[in-house]
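Here are a few exercises to work through with the model open. Try each task yourself before reading the solution.

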Amino acid sequence: MIKSDIGIIGLAVMGQNLVLNIERNGYTVAVYNRTLEKLNEFINGKGRDKNIIGCYTLDEFCNSLKQPRIIILLIKAGKPVDDFISKLLPLLKSEDIIIDGGNSFFRDTIRRSEKLENEGIQYLGVGFSGGEEGVLKGPSIMPGGSIKAWQQMEKLFQKISAKINGDPCCFYIGSDGAGHYVKMVHNGIEYSYMQLISEVYFILKKLLGITSSELAKLFAEWNEGDLNSYLIQITSKILAEKDPETGKPLIDVILDTAKQKGTGKWASQEALEMGIAIPSITEAVYARNISSKKDERLKASKLLEGPIPHFSGEINKLVEATRKALFAAKICSYAQGFSLLKAASEEYKWQLNLKNIAHIWRKGCIIRSHLLEQIESAFQHNKNLDNLLLDSYFSNVIKNNQKDWRYIVTLAVKNGIPVPALSSTLSYYDSYRNPSLPANLIQAQRDYFGAHGFERVDKEIGRIFHYDNWPPLYD
Ligand code: 2AM
């Protein structure tokens, strides 16, 4: 019997497409799925007449693999991953490789890496991005974990990944949970960029009242310039689509309640743990949370007043200012993601190569964007760059765009149009660039009520003073 080069467990669309991609690149793939109907459907459908071997038990699956075995799990994150690992362990030998290709929480990956290393099994936690199509044609791949396992997988992963002028969008990220961490931050940036685009769409729609097909054309034009990116491109396609049932723009029949699977929330939680500000990402999570309270919002809309959106200025100027605002805010949101990665790299001793990460994200993944080319080059010039905003290319763009960005945020606020990401990102920029912040008052308040102490502007940093004569307060 022919032994397979690699095995994949989990035949949802992502799993199926990964199998087809690997097989197309010259490998024989064994496949298994918990629900056998899905397995049958795949091997008799898309997987038919290919070097794909369907297995009906885990025993059969493990026996059909060349040794050391390579098994990729593409199943629901959480307990199912632990359950499958437990089922596989008795069937595996030392040096076999298990790869978790799902959206696992990086702390779970760290835990599993340690456990499996003790069992003699090599473990990789790998982030795949690109959606269904990307995984089929060439995803962006973020592998973390056992370096020895990576060396065995490097050729295959780089072969199936997206390429930029022949260079793969796949490099080793770092030990244990590094790959899944980087994927989590990727998704966080994705949340923020989607939210920023949605806010800009809403401003134009509310203030100009232009049709969805006009907006579709506008986004297509924007895609030809600085904003060139997958998410702008699909936004243009989405806005051009008509609902076959009603003939209305499809976008107008889609309910305005955003769902989420949790990666944006994890990124926000981790940033809070790390003491790093990523407001564009966190506001994007909040925006989805508020949107999901549709019933409450409908009640509130009958009670809570605000201005009626109105615009009487020059349309072209508003459109151009909106484009510039979006680009500036986008730069700041990517900057926040990279600053979180820098902090995590130090915290977890991953030695993340931020240049390589920017390269991996340039093609195949959802946040792919012309901007990432500049980001890659910024880290090429200075691999220790604290924040992208300190790179001259980005500081210059924002210098040129900030007036428009401030105008758009002000206009939205005046008209009662919610812009949580555009406005919080602007405040992030203003906080970051300001040599003085009102934190001195916060320190004074802390010292007043809690004797927490403060540092002085005229004494060395780290020396703590306490003021003994705060006047008492008599209510
Ligand atoms: P299924 O087809 O049997 O549902 C994506 O959902 C993939 O994860 C599918 O292959 C699915 O298998 C698998 N999956 C989801 N929940 C699972 C569970 N609790 N245990 C094992 N596999 C699961």
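**Exercise 1: two helix pairs**

In this predicted model, helix 8 (residues 178-208) packs against helix 12 (residues 263-274) at an angle of about 110°, and their axes are 8 Å apart.

Task: work out whether helix 8 and helix 12 are roughly parallel or roughly perpendicular to each other, then find which residues make the contact.

Solution. Start with the angle, which is about 110°. Angles of 65 to 115 degrees count as roughly perpendicular, so that is how helix 8 and helix 12 sit relative to each other. Next, pick out the contact: helix 8 brings Y181, M184, N187, G188 and Y191, while helix 12 brings T263, G264, W266, A267, E270 and M274. Finally, sort these residues by class, and you get six nonpolar, four polar and one charged.

Task: now do it again for helix 4 (residues 79-88) and helix 5 (residues 106-118).

Solution. Here the packing angle is about 10°, with the axes 12 Å apart. Angles under 35 degrees count as roughly parallel, and therefore helix 4 and helix 5 are roughly parallel to each other. On the helix 4 side, the contact uses V81, D82 and I85; on the helix 5 side, R111, R112 and L116. By class, that gives three nonpolar, no polar and three charged residues.

**Exercise 2: around the ligand**

Task: list the residues that surround the ligand, then say how much of the ligand's accessible area the protein covers.

Solution. First, go round the ligand: you should meet G10, L11, A12, N33, R34, T35, K38, L74, I75, K76, P80 and F84. Sorted by class, this shell has six nonpolar, three polar and three charged residues.

Then look for ligand oxygen atoms that pair with the protein. One is 2.7 Å from an N or O atom in the side chain of N33. For the side chain of R34, the distance from a ligand oxygen to an N or O atom is 2.9 Å. With K76, it's a polar backbone atom that lies 3.1 Å from an oxygen of the ligand. As for cover, the ligand on its own has 480 Å² of accessible area, and the protein covers 77% of it.

**Exercise 3: backbone oddities**

Task: which two residues does a cis peptide bond join, and where does Q351 lie?

Solution. Check omega first: at about -5°, the bond between Q67 and P68 is cis. P68 itself is in the loop between helix 3 (58-63) and strand 4 (70-73).

Now turn to Q351, found in the loop between helix 15 (315-347) and helix 16 (354-360). Its phi is near 50°, a positive value in a residue other than glycine.

How values were computed
Residues numbered from 1 in each chain as written. Predicted model: local features only at pLDDT ≥ 70, side-chain atom pairs only at ≥ 80, totals over all residues. Heavy atoms only, no water. Near = heavy atom within 4 Å. Polar contact = N/O pair within 3.5 Å; in protein donor to acceptor, adjacent residues only side chain to side chain. Areas by Shrake-Rupley, 256 points an atom, 1.4 Å probe, with all protein chains shown as cover. Nonpolar A, V, L, I, M, F, W, Y, C, P; charged D, E, K, R; others polar. Axes fitted to C-alpha atoms, helices over the stretch in contact; angles between N-to-C directions. Helix = DSSP H or I, 4+ residues; strand = E, 2+ residues; numbered from the N terminus. Parallel < 35°, antiparallel > 145°, perpendicular 65-115°, else oblique. Contact = heavy atoms within 4.5 Å.
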